[in-house]
Amino acid sequence: MTTTLTPPPGHAAEAVDARVPWRRLVPLSAQHVLAMIAAPVSTVFLVAGTLKMPPGATASLLSAVLLLCGAGALLQSLGVWRIGGRLPFVMLPGGAATALFLQIAQQHGAPTATGAVLLAAGLLLAVLPLYARVVRLFPPLVMGVTVLLIGIAMIRVAARLVTGPDGTGEPRAVLLAALTVAATVAAYVLLHGVWRQTSVLIGMAAGTVVAVTTGLGTFAPAAGSGFALPAFLPFGTPRFDLVAALPLLVFSLTTLAEITGQTVLNSETVGRTPAPGRDVPRVARADALVSLAGGLFGTSLMVTSAENIGIGRLTGVRSRFVTAGAGVLLVVLGLAAPVSRALAGIPEAVVGGSALVVYAVIAVMGVEMLRRADLSGTGTGSLTAALALTMGLLPLLSPDLYAGFPAWARTILGSGVVAGTLTAVLLTATLGRFGPGNRRQRPEPKPPADAGRSVSSGSRPGPKETA
């Protein structure tokens with residue numbers, strides 16, 4: 001039986017389960033792949049450039065990431081038992097998570113970073129029964145501080161890809177990175193639709209062409225052909241260090257707030273009544289399981305992405321089988337060694353230029369989240385944000401500030417993301433309870449009949465784990 005793409009009136013909720021004919025499924029799925037392919041490619045090159053991985057290892061890591069993206073899209077779209085939201089999601093390597101992975105790798109070694117990924121994914125699975133309580137610790141103010149600090153920290157890391165470890169860049173490398181940024185901006189401004197969403201990938205391609213034609217850089221693909229499986233434990237046996245892993249552990253908890261928002265948005269887009277208590281734990285379980293697999297193949301945490309929702313709105317096709325088809329295409333790309341080995345030859349300065357754009361956008365996302373918080377002068381939000389950002393920026397502005405502290409304290413306070421996030425969580429909890437706003441609201445208890453009736457427009461009841 002063939003199901004139509006658009007359900008009859010009054011049956012919008014069924015659109016997410018509509019099966020799409022093959023002749024339309026393939027191009028629709030390819031469109032989703034084009035919209036998201038820039039993220040895994042640029043992430044892999046950022047990791048490879050920062051950790052000085054050879055072309056062969058870079059190609060293997062790219063294969064692993066594409067395979068995991070495909071497996072994650074299949075798991076989220078189709079669902080198995082209580083794993084996967086059965087919504088049209090795709091999965092990507094988290095940009096912020098990758099930033100923290102690289103921070104841990106640079107400070108403690110890649111095996112410790114791999115162990116941190118496994119610990120963070122395990123923690124995410126462990127806290128899901130307490131989902132409703134944990135997610136309240138990360139309102140927009142805390143999330144905004146965290147994402148903004150991650151973006152700022154990673155702009156510095158991306159700049160080192162251009163300048164080199166000593167921070168002194170060759171003029172041709174800086175020029176090549178600048179031309180890559182310019183090409184990315186031009187693609188974003190001049191193109192439309194799905195091509196605009198691939199502006200980062202287009203910028204990398206343009207930067208590589210400029211490097212080869214002008215001599216500003218070299219293009220050296222890794223050797224090999226045919227199909228190949230990615231390397232297992234490419235950084236060696238994982239090392240488990242709870243203190244070193246703290247940045248990723250904290251971040252894995254903050255992802256619950258993001259997963260909640262994306263799941264509600266996706267549900268509303270496809271016409272399904274949002275049920276965070278049921279669907280968010282399922283989505284998070286899939287994230288955690290794919291991230292566990294990612295840790296074994298050298299990646300950081302893998303996360304669901306809502307960026308493809310715009311394609312569903314544009315085409316009017318809400319079926320989860322379209323993103324499942326995208327997952328199949330990603331698996332095929334991951335197994336095609338010539339593709340990954342060719343991409344591994346992109347010059348480092350081009351990767352650095354693209355990374356500057358990607359992480360600058362992450363920083364702006366943090367600013368957007370902070371705009372949703374109450375930062376008015378009458379409340380405590382502005383003070384909380386100011387102190388949290390101060391704690392987060394101090395390690396960047398004064399790297400030796402905590403040099404005389406014990407090792408565990410240097411690890412916690414020396415990570416701007418961890419210090420800023422923990423400060424935001426603690427101040428939100430304490431000032432929110434004892435701050436001037438609450439003291440003004442104490443006087444008169446409301447009659448029992450009014451309890452629970454005053455719910456602001458657009459608010460939702462606290463989610464409960466029913467999965």
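This is a tour of one structure, stop by stop, with what to select and what is there.

The model is predicted, so local features need pLDDT of at least 70 and side-chain atom pairs count only at pLDDT 80 or more, while totals for chains, interfaces and linings use all residues. Residues are numbered from 1 along each chain as its sequence is written, and side-chain values use heavy atoms, with hydrogens and water left out.

**Salt bridges**

The structure holds five salt bridges. The term stands for a side-chain nitrogen of Lys or Arg within 4 Å of a carboxyl oxygen of Asp or Glu.

Select Arg320 and Asp17. Their salt bridge has its closest N and O atoms 2.7 Å apart. Arg320 is in helix α14 (residues 320–335) and Asp17 is in the segment before α1 (22–36), so this pair ties together parts 303 residues apart in sequence. Helices (H or I, at least four residues) and strands (E, at least two) are DSSP runs, numbered from the N terminus. Arg320 is buried at 11% relative accessible area, whereas Asp17 is partly exposed at 40%. Buried means under 20% relative accessible area, exposed over 50%, and partly exposed in between (1.4 Å probe, protein chains only).

Next, select Arg278 and Asp279. The closest N and O atoms of this salt bridge are 2.7 Å apart. Asp279 is buried, with a relative accessible area of 1%; Arg278 is partly exposed at 29%. Add Arg272 to the selection: Arg272, Arg278 and Asp279 are linked in a network of salt bridges.

Then go to Glu368 and Arg371, whose side chains form a salt bridge at 3.2 Å, N to O. Both residues belong to helix α16 (residues 348–371) and are three residues apart, about one turn of the helix. Glu368 is partly exposed, at 38% relative accessibility, and Arg371 is exposed, at 63%.

**Aromatic pairs**

There are three aromatic pairs in the structure. Rings of Phe, Tyr and Trp (its six-membered ring) pair if their centres lie within 6.5 Å; planes under 30 degrees apart count as stacked, over 60 as edge-to-face and the rest as tilted.

Show Phe232 with Phe297. This pair is edge-to-face, at 5.6 Å centre to centre and 80 degrees between the planes. Phe232 sits in the loop between α10 (199–214) and α11 (246–270), and Phe297 in the loop between α12 (276–296) and β2 (302–305), so the pair links distant parts of the chain, 65 residues apart. Phe232 is exposed at 52% relative accessible area, while Phe297 is partly exposed at 25%.

Move on to Tyr402 and Phe405. Their ring centres are 5.4 Å apart and their planes are at 90 degrees, so this pair is edge-to-face as well. Tyr402 is buried, with a relative accessible area of 11%, and Phe405 is partly exposed at 39%.

**Thr260**

Select Thr260, which lies in helix α11. Thr260 is buried at 16% relative accessibility. Its side chain makes a polar contact with the side chain of Tyr131, at 2.6 Å. A polar contact is a pair of N or O atoms within 3.5 Å; within protein, one must be able to donate a hydrogen and the other to accept it, and residues adjacent in sequence count only if both atoms are side-chain atoms. Not counting residues up to four places away in sequence, Thr260 touches Tyr131, Val135 and Val280, where contact means heavy atoms within 4.5 Å.

**Nonpolar cores**

A nonpolar core is a set of buried Ala, Val, Leu, Ile, Met, Phe, Trp, Tyr and Cys residues joined through side-chain atoms within 4.5 Å. The largest one has 98 residues, and Phe138, Ile150, Met154, Met204, Leu248, Leu256 and Leu301 touch the most other members. Helix α7 (residues 140–163) gives the most to this core, with 12 residues. Center on Ile150: leaving out residues up to four places away in sequence, Ile150 touches Ala96, Ala99, Leu100, Phe251 and Val417. Another core, of five residues, lies apart from the largest; Val20, Leu25, Leu28 and Val322 are among them.

**Positive phi**

Most residues other than glycine have a negative phi. Select Trp81, which is not a glycine yet has a positive phi of about 55 degrees. Trp81 is located in the loop between α3 (55–78) and β1 (90–93) and is exposed at 62% relative accessibility.

End at Leu233, where phi is near 50 degrees, again a positive value in a residue other than glycine. Leu233 lies in the loop between α10 and α11 and is partly exposed at 23% relative accessibility.
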